[in-house]
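User: Could you take a close look at the pockets of this model for me, and then set them beside the way the two chains meet? I am in my first year, so please go step by step.

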Amino acid sequence: MSTEKVSMNIISVDELCKSYRVSVKKPGIAATLSNFLNRQLHVVEAVKRVSFNIDQGEIVGFIGPNGAGKTTTLKMLCGLVHPTSGEVSVSGHRPKERNRDFLQEITLVMGQKQQLIWDLPPLDSFFVNAAVYGLTKCEAKNRIDELAAMLDLDKELTRPVRKLSLGQRMKAELLAALLHRPSVLFLDEPTLGLDVNAQSRVRKFLRQYNKRYGATILLTSHYMGDITSLCSRVLLINEGSLFYDGPLEELTGKLSPYRSVRIELKEPHQKSSFMQYGILEEFDERLVRMLIPRDELTAAITSILNSFPVKDLEICDPPIEELIGNLFQSGIVP
Amino acid sequence: MTKKIFRIYRVASSLLTAQYALMIEYRAEIALWAISGLLPLIMLALWSKSDVIGSVGLTSQEITHYFVSAFIVRQFTAVWVMVSFEEDNIEGKLSPFLLQPLPPFWRYASSHVAEQLTRIPFVFFMISILFLFVPNSFFIPKLKDFILAGIAIFLAFCVRFLIHWIFAMLCFWNERAAAIERLLLIPYLFLSGLVAPLEVFSDGVRSISMLTPYPYLLSFPSKVMSGAEVNIIGGFAALLAWGFCLFVVSIFAWRQGVKRYSAMGA
């Protein structure tokens, strides 16, 4: 019997496009009157021919600057918005049809939006959701207990939502969204506005949920910590177009053709001695920090170790946060 | 089949329980809404001094009972779905509802029913005050009339809710639809019998009004409750027919509209 892992696309996106018509108006009374008489509309292409596949159980990070098309893509994947063109399949369903079986299998959590009833304790909303998803009272109670334990929620469940902290509210939102045990999770900035501890708790929970139920997760976040700690694969989108789909480490290599090398010397040396190996970033007689091209790294390190009395040597990649941050700031797409 | 019925019961009871708990939180606001529905009693004060009533063959007692009944009918047929749907549509609050295997229609309907249940003690209190200070307005409907009026009120609420729901769907095209609610209030005020019993209108206006659903939303249930002479079978048949037609239109409007949903703000 073959033990080879069979990959199964749970999410399949092919040439997905979405365009909106948006009214354009210049400031001022003349422009307002002109707009009143002749409304100017222009077409915004929010998502342009995006294609990708996601296997069952994968956790994929979907990153890009504000307005890149991440949320619009998520909305199309969960069936909230109808695509202008292209094909989407999630768990074998066409999301835009939003049939019952499809809705039973997915969930969308939006960090900036809530589904819990604001003036009631979360438990009230949970029991409504449980009934809507066809869970018995007993099933609902067991699942609430299980998820509450995973999320470290207890007394918060009987306090009105409006009285909860942002972190507690987000955890309760997650519980409400996962009560029906969906196999596909679309998470749109689930840690938005949370403090470091709450972010870490949510990440831990998502990892546990993924492991326990083999759920597929597509996650957007502006916190690179979410991406680096949860996702081995990332999709990078900018101005509606997907320009990278692959492992996070490969992205690092692609974004930075250099590796950062830190050398501590036993005795002082001249700065000029190191100029031949790469770009010097820091030099202090006994301490050298430099960027060396990846393809020259082995040769350069061998030569350095043979030529200088090295006390300590450290090779690392520049932080991914920095790389992607620079990429989005510069607007340069590889 | 039994499983399906049980599931419907579970969803309905859970929604109503949660919405009722929510409305209890807003009880002070609901009391104010109940008080704001005093228009039929104001109209009673005006019409009871008018000679027109006698000229159309209505007695003072009949007009009093009619407007007291109209006050009760209006309390339990209040609809604000356009306002809440517009808000949810614009702010993206509709999105989580659309991702659940329950049409959002039922959430709005249940919040209305829960609000009406919360109103009951306030309406009872206001009616008691009226009977105390205006003793000649006191009347107790016959049990048969009370039951029939209860059914008529429920059907009238359903028809009114469907009318507003259909117009609320315009939010999908226009984003703002609540202004239409103001517009719908005009035919409702005049053709439903809220500001004046339909008998005071000319035959022509009355005939036209009977072609619309409005007389069945207020005048018909009020007359049933007050024990006035009314075509019971015709009234219920009209309510059911309007309800069926509007339900069909509402499904079509929903299916067309939801395709245009852009999940703004979410």
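Analyst: What follows describes the pockets, and then turns to the chains, their contact and their salt bridges. Please keep in mind throughout that this is a predicted model, and that the values given here are computed from it.

We can begin with the largest pocket, which has a volume of about 1,600 Å³. Its lining is made up of 50 residues, and those that lie nearest the centre of the pocket are Met23(B), Trp80(B), Val83(B), Ser84(B) and Ser111(B). If we ask which element gives the largest share of this lining, we arrive at helix H11 of chain B, which covers residues 178-191 and contributes six residues. Sorted by the character of their side chains, the lining residues of the largest pocket divide into 24 nonpolar, 12 polar and 14 charged.

The second largest pocket has a volume of about 840 Å³, and 25 residues line it. Nearest its centre lie Tyr20(A) and Arg21(A), together with Glu175(B), Arg260(B) and Ser262(B), so named residues of chain A and of chain B appear in that list. Two or more residues of this lining come from each of strand E1 (9-23), strand E2 (41-55) and helix H2 (70-77) of chain A, and also from helix H10 (171-174) of chain B. Among these elements, E1(A) provides the largest share, with six residues. The lining of the second largest pocket divides into 11 nonpolar, seven polar and seven charged residues.

From the pockets we can move on to the chains. Chain A is divided into domain 1, running over 9-252, and domain 2, running over 257-316, and the centres of these two domains, taken over C-alpha atoms, are separated by 45 Å. In the contact between the chains, 33 residues belong to chain A and 27 residues to chain B. Together, chain A and chain B bury about 2,600 Å² between them, with 62% of that area on carbon and sulfur atoms.

The last step concerns charge. Side chains of opposite charge can pair when their charged atoms come close. Over all chains the count comes to 18 salt bridges, yet across the interface of chain A and chain B zero are found. One salt bridge is formed by Lys141(A) with Asp145(A), whose closest N and O atoms are 3.3 Å apart. Because Lys141(A) and Asp145(A) are four residues apart in helix H5 (residues 137-151) of chain A, about one helical turn separates them.

Technical notes: Residues numbered from 1 in each chain as written. Chains lettered and ligands numbered in written order. Predicted model: local features only at pLDDT ≥ 70, side-chain atom pairs only at ≥ 80, totals over all residues. Heavy atoms only, no water. 1 Å grid on protein atoms, 1.4 Å probe; cavity = no way out; pocket = protein on both sides within 12 Å on 5 of 7 lines; lining within 4 Å. Points joined across faces, edges and corners; volume = space filled by probe spheres on them. Nonpolar A, V, L, I, M, F, W, Y, C, P; charged D, E, K, R; others polar. Domains from an automatic or database assignment. Contact = heavy atoms within 4.5 Å. Buried area = accessible area lost by both parts, 1.4 Å probe. Salt bridge = Lys/Arg side-chain N within 4 Å of Asp/Glu carboxyl O.
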